[in-house]
Amino acid sequence: MLLPIASKKTVRAAATRLIRAHRRALLMVIVLHAVAAVFGLTGPWLVGRVIDAINAGAATELDINLAALILVAAVTIQSLINRLAQWRSMVLGETVFAALREQFMGTVGQLPLSIVEQAGTGDLLARTTNDIQSVAQTVRFGVPRILVAAATILLTIVAAAITAPRVSIGMLVTVPAIVLATRWYLRRSGRGYQRQLAGHARLSGVISETVEGARTIDALSLAPAQRRKIDRAVLERRESERYTLSLRSIWLPSTELSFLIPIIVVIGWGAWLVSVDSATVGEVTAVALFSTQLIGPVIELLGWMDEIQVGGTALSRIIGVEDVPPDRKPVPDARPSGSQLMARDVRFAYRHGAEVLHGINLDVAVGERLAVVGPSGSGKSTMGRLIAGINGPTVGSLTVGGVRIFDLPLDVLHKHVALVTQEHHVFVGTIADNLRLAKAGADDEELERALAVVDALGWVRYMPGGLEAHVGSGGVVLTPAQAQQIALARLVLLDPAVLVLDEATSLLDPGAARSLESSLERVLEGRTVIAIAHRLHTAHDADRVAVMQAGRLVEVGPHDELVARGGEYSALWTSWHDTGSGHA
């Protein structure tokens, strides 16, 4: 599954909104560049006038010197205005890009987690990095330079037409060819660049999962299969690049050939007009110089049009994230009346025809500690995701306090049910910043109490700066265990009624894990806890144990009762003890 791509109509509407929001600054940029272009046109006009004056014998040394001074002044003023215009263009570009980036990150932060996981990290990562960078390049440089080039071309043609209307006709002979070639290119390049950027996203995702799962790939001898997967992604990226390159290899030469023809036509056509006394040598010279000056802006315009295609395609992918459909329709006034969990005939499939949970029926009392155990792939983590409200049941109902979990608004859901997995992340900032993500406005005393609960206060106080120590990229590198303790401290601050711990202490050594779980007892008291774990000591300490096998709930009961029964749980417990894990 790939995330949506916005339609051309949506992209145009978004671009129009950006232009309207920054129209004054954009108008200032255009005016400055236009004024600079006008001063740049002084040279050809002045040279033509001097040549005609010399031919007529009316030019004096003073006139020529004055013309030279005017030309130098015009070039100087043009340079100064150009510098000011470029500075204003950069400021405008950064302002627009910052607004676009903030809007995008705000949208990404609200995406349904279930849909993001289905799409995979590669596509979203490519949109967050490569696509954002492409749009940044377009906004900072492309849009201002296209406006400047277009304004310069228009003013140059107007100046040539005013100087010598008949001669200037020769400048337009290749316009139809350029227009037709460009239209041919634009009709095909949009789809090509969409495929190219999608190929980049796919390749990034495959490489990312290969790096992250390197140990698993090696342990299961999956390297040949993964290599073939990478080869297919590389081949798709190469073919998409080859397609857009083939378009450019046809379009650019066909347009570049059109740059010199107008100069030749103007000189030939102008010479004939001079021979019949319909133009002067100075006028022909001026128009020929104007034609020469057009080469730079036209090349720049066409070159940036190609970049605009890339940027426009990237923008369609960025804006397309806003079209991600919601994965739920919450009931606005839904409020649980307690924290009792009830599952009735719960079935779930990540994709059609591949059911992973089969008819789960389960009641969890308020304040009960339930351990969910089972072999890898038994569905226990999926069950935890459903209880946490990340996914909704395909069939059946799962309620908390009498309300369907998937019907709860997200802000209400997060106050009642929280999930902590074996995955964790430390955000760039201080330790205090990381903790206040769970409870904005919490004072230092509250933060320290939460850290103390998870046995992290000692090492936090030992760090330079304590709570204000910077962590994450560029800061202090925390160990996996420390990072997980920060995640658990956030859970303490969040203070939900139902806690879902999905192997939450798996990255800690067994001794530290038991110590941490012991510390958590104080805050877990009175709350409903669903502990999904592979260490069976968690099950031993729970009020009841739920045993899952191949997506089915096969046993439920207290630890001692299940061991005495001699069923699936008893076999797991015996096997765990025989390996020595029970004494770790």
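Buried means under 20% relative accessible area, exposed means over 50%, and partly exposed covers what falls in between. Keep that handy for the exercises below, and remember that you're looking at a predicted model.

**Exercise 1. A salt bridge across the chain**

Task: Find out which side chain pairs with Glu 368 in a salt bridge, and work out whether Arg 544 is buried, partly exposed or exposed.

Solution:
- Step 1. Start with the pairing: the side chain of Glu 368 meets that of Arg 544, at 2.3 Å from N to O.
- Step 2. Now place the two residues. Glu 368 sits in the loop between strand E2 (355-364) and E3, while Arg 544 belongs to strand E11. They are 176 residues apart, so this pair links distant parts of the chain.
- Step 3. Check the cover. Arg 544 has a relative accessible area of 23%, so it's partly exposed. Glu 368 comes in at 11%, so that one is buried.

In total, the structure holds 16 salt bridges.

**Exercise 2. Pairs and a network**

Task: Work out why Glu 445 and Arg 449 are separated by about one helical turn.

Solution:
- Step 1. Recall the general idea: side chains of opposite charge can pair when their charged atoms come close.
- Step 2. Look at the bridge itself: the closest N and O atoms of Glu 445 and Arg 449 are 3.2 Å apart.
- Step 3. Go to helix H15 (residues 444-453). Both residues are in it, four residues apart, so about one helical turn separates them.
- Step 4. Compare with the cut-offs: Glu 445 has 53% relative accessibility and counts as exposed, and Arg 449, with 48%, is partly exposed.
- Step 5. Try another pair: Glu 446 meets Lys 439 in a salt bridge of 2.5 Å, N to O. Lys 439 is partly exposed, at 34%.
- Step 6. Finish with a network of salt bridges, which links Arg 238, Glu 239 and Arg 242.

**Exercise 3. The sheet of six strands**

Task: Name the edge strands of the six-stranded sheet and say which helices lie across E6.

Solution:
- Step 1. Write down the order: E6-E9-E10-E3-E11-E12, an open sheet with mixed pairing.
- Step 2. Read off the edges. Strand E6 (417-420) and strand E12 (552-557) each have a single partner strand, so one side of each has no neighbour in the sheet.
- Step 3. Add the twist, which averages 15 degrees from one strand to the next.
- Step 4. Zoom in on E11 (residues 544-549) and E12: they run antiparallel, joined by five bridges. Ala 546, for instance, has Val 556 in E12 as its bridge partner.
- Step 5. Add the helices. H12 (residues 380-387) lies across E3, E6, E9, E10 and E11, at about 150 degrees to E10. H17 (residues 480-494) lies across E6 and E9, at about 175 degrees to E6.

**Exercise 4. The sheet of four strands**

Task: Find which residue in E4 stands opposite Arg 347.

Solution:
- Step 1. Set out the order, E2-E1-E4-E5, in an open sheet with antiparallel pairing.
- Step 2. Spot the edges: E2 and strand E5 (403-404) pair on one side only.
- Step 3. Follow E1 (residues 341-349) and E4 (residues 395-400), which five bridges join. There, Arg 347 stands opposite Val 395.

**Exercise 5. A nonpolar patch**

Task: Say which residues make the nonpolar surface patch of about 390 Å².

Solution:
- Step 1. List the members: Ile 169, Trp 269, Trp 272 and Val 276.
- Step 2. Place one of them: Trp 272 lies in helix H10 (residues 223-275).
- Step 3. Judge its cover: with 47% relative accessibility, Trp 272 is partly exposed.

Definitions and conventions
Residues numbered from 1 in each chain as written. Predicted model: local features only at pLDDT ≥ 70, side-chain atom pairs only at ≥ 80, totals over all residues. Heavy atoms only, no water. Patch = residues over 30% accessible without salt bridge, like charges linked within 9 Å, V, L, I, M, F, W, Y side chains within 5 Å. Areas by Shrake-Rupley, 256 points an atom, 1.4 Å probe, with all protein chains shown as cover. Salt bridge = Lys/Arg side-chain N within 4 Å of Asp/Glu carboxyl O. Helix = DSSP H or I, 4+ residues; strand = E, 2+ residues; numbered from the N terminus. Buried < 20%, exposed > 50% of the residue type's maximum accessible area, 1.4 Å probe, protein only. Pairing = 2+ DSSP bridges. Axes fitted to C-alpha atoms, helices over the stretch in contact; angles between N-to-C directions. Contact = heavy atoms within 4.5 Å.
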